[in-house]
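Visitor: I'd like a close look at the nonpolar core of this one, please. Take me through it slowly, and then show me whatever else stands out around it.

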Amino acid sequence: MESQLLKTGGTLFADDQSIICRFSAPRLALSTSLYNGGYLRTEAVFNHRLSLFVNSEADLPGGNLENYLALVADDRGLNRDHTTGLLTSADMHCRGYHALTYKNLTVETVATAGVDENAARVGDCACYYEDNGRYHPIGGTINILTFTNAKLAYGTLAKALVTITEAKTSILQELAVKSSCTQGSATGTGTDGVIMTSDPASPLLCTDAGTQSKLGELIGLTVRAAVKQALALQCRIDPRRQGSVQERLKRLELTMGCYPDSLPESGQARLLLAMSQSIWQEYCWGMLGLSELYQFLYFLEAPSLQPLGISLASALRAKTSALRQDLHLQGGTNGDFFPLY
């Protein structure tokens with residue numbers, strides 16, 4: 001088992017199944033877990049990999065998620081009443097880690113990240129309906145453990161979770177991670193978890209964890225760096241891959257004569273695909289009207305942009321027709337969502 005001293009106090013232990021952070025003194029934690037979730041005076045927190053396949057929560061040892069995580073705590077010799085933990089299918093060795101210090105304030109973050117199967121944009125159609133604990137789990141989770149050596153009030157811890165979530169989402173946006181079921185940029189996965197801890201005995205009191213505070217800045221920077229590293233290790237999602245012609249075509253979900261493997265990597269191709277993605281999203285969001293979209297399509301058909309331009313224009317015209325037809329069948333009003341100005 002690997003071990004690492006935490007800059008905020010305590011020790012991180014990691015093996016194939018778990019990342020465990022044991023603290024040298026009790027911490028105040030805010031956890032999104034079903035197992036001792038909410039506010040908790042904790043001696044340890046963990047992130048555990050589920051290595052067995054289950055069809056529903058009831059198939060877990062212990063009969064549900066809460067009991068299963070309690071069994072994990074028992075198995076690792078942790079105090080089950082003063083421990084909270086998260087569950088994932090991600091590889092523990094593909095974790096990201098980052099720490100920053102400003103004067104006497106330190107923040108550090110450990111993250112695992114899988115988004116291949118259930119990356120989602122908030123507001124997407126639901127993947128399951130919970131009925132007394134019965135649902136089918138889907139692989140893919142971003143779990144974040146963030147620690148600070150400062151003393152934080154309950155409300156400040158809650159604000160910190162907002163900052164952590166914004167930081168995670170900003171990295172998914174920058175890496176152009178797409179929702180698994182829509183064209184929208186992913187804001188997370190359907191099963192993400194967060195645990196934030198602070199030191200109630202610290203002489204350093206911070207009352208604001210928002211993005212304009214130094215604490216919020218350090219939280220944001222460490223979370224962004226740790227999640228970015230974890231995505232690269234777990235999913236091979238990095239700027240170089242996401243900027244490739246093939247990945248850009250996948251994000252646009254285009255069916256074209258030029259199959260992605262046969263389309264050469266070139267600066268012009270990446271630029272045209274980048275513009276097409278941006279224009280298409282703004283049209284879908286109602287920021288551009290149909291006439292403006294068509295102006296862009298005419299631009300794509302210019303002789304200097306061939307052969308890719310005409311293929312993109314044709315594919316986007318087909319997508320536009322399909323989208324407007326779907327809206328019509330759903331009883332929507334094209335003028336409300338796709339203005340004709």
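Guide: Here is a walk through the core, followed by a surface patch and some backbone oddities.

First, some ground rules: this is a predicted model, where local features need pLDDT of at least 70, side-chain atom pairs count only at pLDDT 80 or more, and totals for chains, interfaces and linings use all residues. Residues are numbered from 1 along each chain as its sequence is written, and side-chain values use heavy atoms, with hydrogens and water left out.

Now the core. A nonpolar core here is a set of buried Ala, Val, Leu, Ile, Met, Phe, Trp, Tyr and Cys residues joined through side-chain atoms within 4.5 Å; buried means under 20% relative accessible area, exposed over 50%, and partly exposed in between (1.4 Å probe, protein chains only). The largest one has 35 residues, and the members touching the most others are Val-115, Ile-144, Met-196, Leu-215, Ile-219, Val-227 and Leu-231. At least two residues each come from β3 (18-31), β7 (105-113), β9 (142-148), α2 (154-174), β12 (193-198) and α3 (214-235). Helices (H or I, at least four residues) and strands (E, at least two) are DSSP runs, numbered from the N terminus. The largest share, nine residues, is supplied by α3.

Zoom in on Ile-219: leaving out residues up to four places away in sequence, its contacts are Val-107, Ala-160, Thr-163, Ile-164, Met-196 and Ala-209, with contact meaning heavy atoms within 4.5 Å. There's also a second, separate core of 21 residues, with Leu-290, Leu-297, Leu-305 and Leu-316 among them.

Not every nonpolar side chain is tucked away, though. Leu-271, Met-275 and Phe-299 make a nonpolar surface patch, with about 290 Å² of accessible area together. Patches take residues with over 30% relative accessible area and no salt bridge, joining like charges within 9 Å and nonpolar side chains (Val, Leu, Ile, Met, Phe, Trp, Tyr) within 5 Å. Leu-271 sits in helix α6 (residues 267-284) and counts as exposed because its relative accessibility is 57%.

Now the backbone. Most residues other than glycine have a negative phi, and most peptide bonds are trans. Asn-36, not a glycine, has a positive phi of about 55°; its place is the loop between β3 and β4 (38-49). Arg-236 isn't a glycine either, yet has a positive phi of about 60°, and lies in the loop between α3 and α4 (239-242). Finally, the Gln-306 to Pro-307 peptide bond is cis, with omega near 15°, and Pro-307 is in the loop between α7 (290-300) and α8 (308-329).

Definitions and conventions. Areas by Shrake-Rupley, 256 points an atom, 1.4 Å probe, with all protein chains shown as cover. Salt bridge = Lys/Arg side-chain N within 4 Å of Asp/Glu carboxyl O.
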